[in-house]
Every structure is written in structure tokens, then in C-alpha cells.
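Biologist: Could you walk me through this model and tell me how each label is earned?
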Amino acid sequence: MKEAPKSGPSPSLEETIVLSSADPYERILEQLAMLAPDADLEDAIWALVSAYAEGVDDLCVGVCVPDVEGDQLIVRHAPRPSRPRVQDAARLFPEVLHEQIIGIPYDDGSTMHIGGDEPLDATALKQVERLALAIGSVIRRARHVARLRNEAAEARGLRDQAVQSDKLAGLGRMAASIVHELNNPLTSIVAYADFLRRRLEVQDVAAEDRERLARISEAAGRVLAFTRDLVAYSRPSTAVPSALSIHDVIERALVFCDHVLADSHVEVVREFGDIVPLHGLHGPLTQVFVNLITNACQAMSPGGGELVLQTAIEGERVLIRVIDQGPGIRPDAIDRLFEPYFTTRGEGGGSGLGLNIVQTIVASHGGHVSAANGLERGAVFTVELPIRA
Ligand SMILES: Nc1ncnc2c1ncn2[C@@H]1O[C@H](COP(=O)(O)OP(=O)(O)OP(=O)(O)O)[C@@H](O)[C@H]1O
Ligand SMILES: [Mg+2]
């Protein structure tokens, strides 16, 4: 709730002209003509009220305008000291005996309050109604300007967003080209490091040196996986969905995970049901299972265990469960698993993008992925995909 300063804005040359006119209609009209198109609403109402009230002795004039944000703008011209004579919370002028309220034309909810010791006579009422009309026009203009400003701000926001997405798309393209350049040398590093490690296993080489080579291979493998994730994350897919067998997708993912399965001593148990073909993207769906299988292996490493891959149809959906025998999902992680960059693997461990990518790909197929802990131990990740023609 605002109250205009009693003194109002400092008088300008034009105001002096207005205030010198004896005719209240003329004062209102001239003040209206002088208002700047972008004048603040409170200042504009104050100027009109003052222009009228200057020539009318001892009359209280107030205006209440409900704001778009639910606030109430109140302008009050009160020549008397505010010593309440009437107890009424709805009164704007409790210091006078009569207060008349008239609605401001063309603006629902806005009112004008006229206070004095006598009710208004017919001439004064007519003048006040003209003042209300002028104030109504000012309010309408102010609301229109506010709407235009909001629209302009919204348009600016949308433009900024578009620029931002453009920048992100540019970054994605740049990341893709960097990864493209990194991929080949990294693949060679991983492959040759693995090759040397296998050879050194049968030769008389110090265990620490074999360990060092293993670290090279692991570290390069991590960078490779990270860069691939990054590209998958930023690249808009141009592939076209086709009919596919989810079992083929899982088998292909298992081939990709050959290494990690062997390294973590994990044995795969297939519990495949009778599944109809699905409609989807082979590459991204393979990536879903590569990520889930890799996580399961990491959870069971180094002791190893069984990795159960179950498929079944339930209603209109195909359910694929990836069940491991690891320690299960940590209670503090269960609500954050799918957040990008969330990882419990510590510094230099995972990127934390794996499950987020899984979720994005599954959602883009109209499916859903969830995680839970097994009854005794281990984690269960369930991917649900809709069956479509
Ligand atoms: N099978 C699982 N058992 C227990 N915890 C898991 C399992 N799979 C995922 N998690 C938890 O979820 C976290 C997030 O997994 P996510 O795959 O997104 O990232 P990450 O494996 O840590 O890193 P990366 O990006 O290399 O995959 C893991 O750090 C781990 O805490
Ligand atoms: Mg992972």
C-alpha cells in the first residue's frame, strides 16, 4: 500500500498554468494533456487529483487501484490532520463525517473516495465524476503500457533462451569434433595397453609394472567412455527408429562389455522371456544396457558374482531387469542416481552421466527406468519400454 507524498511532484511551468485556472474541468483536462505517456501511475493520479483538489477547499480525494500483482495502490489527498472521527476500517478518510465512494469507469475494482463534512452537491458530484473518468483513462493507459513491457520482457527472455540454446548446440558440435579427434588415438592407447598387459602377464615382468600398464589402460578407457557419453549427450539424434529385438540389443551390449565383465569376474545369467519386437533406436538402446551392465560389474568388482538379465512382457510394456549381486545402492544415493554428474565413485572415478543418459534415452522411447535394492542384496534396475507397432 502506497501513499503519495502530500506535496506531490515539484511544480513545473505547465503545472503553474494548470493550477492558475479557475475552472475545475479545465484544470483536469489540461493536466491530463500534460501527462507524459510513460508517467508513473501513482504520479499521474496524484497530479490529476491535485489539479482538481487545489481549487476545492477542504475536500479529501482518494483513489484506490488494485494492482496486477494483487497490491493496492492508494493515492490520498487529505487537507485535514488525520484525527479519526469515524471508526470504520473501510474508510480512507476517517477524519471527516462523510465519505462517498464512486467506481472509476472502465477499470473494475478501482474506486475514488471523496470525503467532507457535507455530502457532495450535484455540481461537485459531476466534477468528481469527470475526474474519475480522467483517472480511469490514465489507469487504462498504465495497464496497457505495463502489459507491453511484460510482453517485451518475455520476448527478450525467449530471445536470450534461443541464443543460449544456440550456444549450447555450438558447444555440442565442438565437443563432438573434439571427441572425434580424440577417439582414434584413445582407442589405440586402450587396445595397445591391453595387448601389452596380456603379453606381460606370461612374461617375467615386475608386478608393479604390469599394474602401471593396467592403470594406463583403465585411465584411457575412462576418458574414452567419458568422451563417448559426452557426445551422446549433446548430439541431436538423426537416426530413425525401427523394429528391433531387445534380446539382440542386450547381446550387442554384452559384447561391448566383454572386457569389463571379464575383469570384474561377472557371470551373465540370461532369463529371457518371449518378447515381441519393439520400435526404437538400436544404438542408443544398446548404450542403455552398456551403462547398466557396466554399473553392475563395477558394483560387483572385484569379487565378482552373477549378473541376471531378465526380460518379460507386462501388459503393454516390455520389462528388462538388470540384477546384480553387489552391495546395493547406497541409501543416500537412491534419490539422486539419475541426476547428471551424480556419482559415488569419488575423484577420478565415474563421470556420473551414465544413468542420466540411460534415463534420457529410455524416456525418448516413451519408457521409464527405475532402481531399487534387491531383497537380500544387490541392485535391480528395471527398464520399461512400450510395445508399439
Ligand atoms: N548397480 C549398482 N549398484 C549400486 N550402486 C549403483 C549401481 N549403479 C549405479 N549406482 C550408483 O549410481 C551412481 C551413478 O551411476 P552413473 O552410472 O550415473 O555414474 P557412474 O557409474 O558413477 O559414472 P559413469 O558416468 O562412469 O557411469 C553410481 O556412482 C553409484 O553410486
Ligand atoms: Mg555408470
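Modeller: Sure, labels first: helices (H or I, at least four residues) and strands (E, at least two) are DSSP runs, numbered from the N terminus. By that naming, helix H8 (282-300), helix H9 (354-364) and strand E11 (379-386) each supply at least two residues of the shell around ligand 1. Ground rules: this is a predicted model, where local features need pLDDT of at least 70 and side-chain atom pairs count only at pLDDT 80 or more, while totals for chains, interfaces and linings use all residues. Residues are numbered from 1 along each chain as its sequence is written, chains are lettered from A and ligands numbered from 1 in the order in which they are written, and side-chain values use heavy atoms, with hydrogens and water left out.

Biologist: What makes a residue part of the surroundings of ligand 1, and which are the closest?

Modeller: A residue is near a molecule if one of its heavy atoms lies within 4 Å of it. For ligand 1 that gives 20 surrounding residues, with Asp324, Thr343, Thr344, Ser351 and Leu355 the closest. H8 gives the largest share of this shell, four residues.

Biologist: How do you know that Thr343 makes a polar contact with ligand 1?

Modeller: The term covers a pair of N or O atoms within 3.5 Å; within protein, one must be able to donate a hydrogen and the other to accept it, and residues adjacent in sequence count only if both atoms are side-chain atoms. A side-chain N or O atom of Thr343 is 2.6 Å from an oxygen atom of ligand 1, so the pair meets the cut-off. Backbone N or O atoms also qualify, from Leu353 at 3.1 Å and from Gly354 at 3.3 Å, each to an oxygen atom of the ligand. On its own, ligand 1 has 590 Å² of accessible area, and the protein covers 90% of that; the areas come from the Shrake-Rupley method with a 1.4 Å probe, and for residues only the protein chains shown count as cover.

Biologist: Why is Ser264 called buried?

Modeller: Buried means under 20% relative accessible area, exposed over 50%, partly exposed in between (1.4 Å probe, protein chains only). Ser264 has 3% relative accessibility, so buried is the right word. Ser264 sits in the loop between helix H7 (258-263) and strand E6 (266-271), and a polar atom of its side chain lies 2.4 Å from the backbone oxygen of Val260.

Biologist: And what makes Ala51 buried?

Modeller: Ala51 comes out at 0% relative accessibility, so it counts as buried too. Its place is in helix H3 (residues 41-53).

Biologist: Why is strand E2 described as largely enclosed?

Modeller: Five of the six residues of E2 (residues 72-77) are buried, so the rest of the structure largely encloses it.

Biologist: How do you know that E2 pairs with strand E1?

Modeller: Two strands pair if DSSP finds at least two bridges between them. E1 (residues 60-66) and E2 have six, in the antiparallel sense, so they pass. Among the bridge partners are Gly62 with Arg76 and Pro66 with Gln72.

Biologist: What makes E2 an edge strand?

Modeller: The open, antiparallel sheet has four strands in the order E2-E1-E4-E3. E2 and strand E3 (98-103) each have a single partner strand, so one side of each lacks a neighbour in the sheet.

Biologist: What joins strand E10 to E11?

Modeller: Six bridges join E10 (residues 368-373) to E11, running antiparallel. One of the partnerships is Val369 with Val383. Their hairpin has five residues between the strands, and Gly378 there takes a positive phi near 80°.
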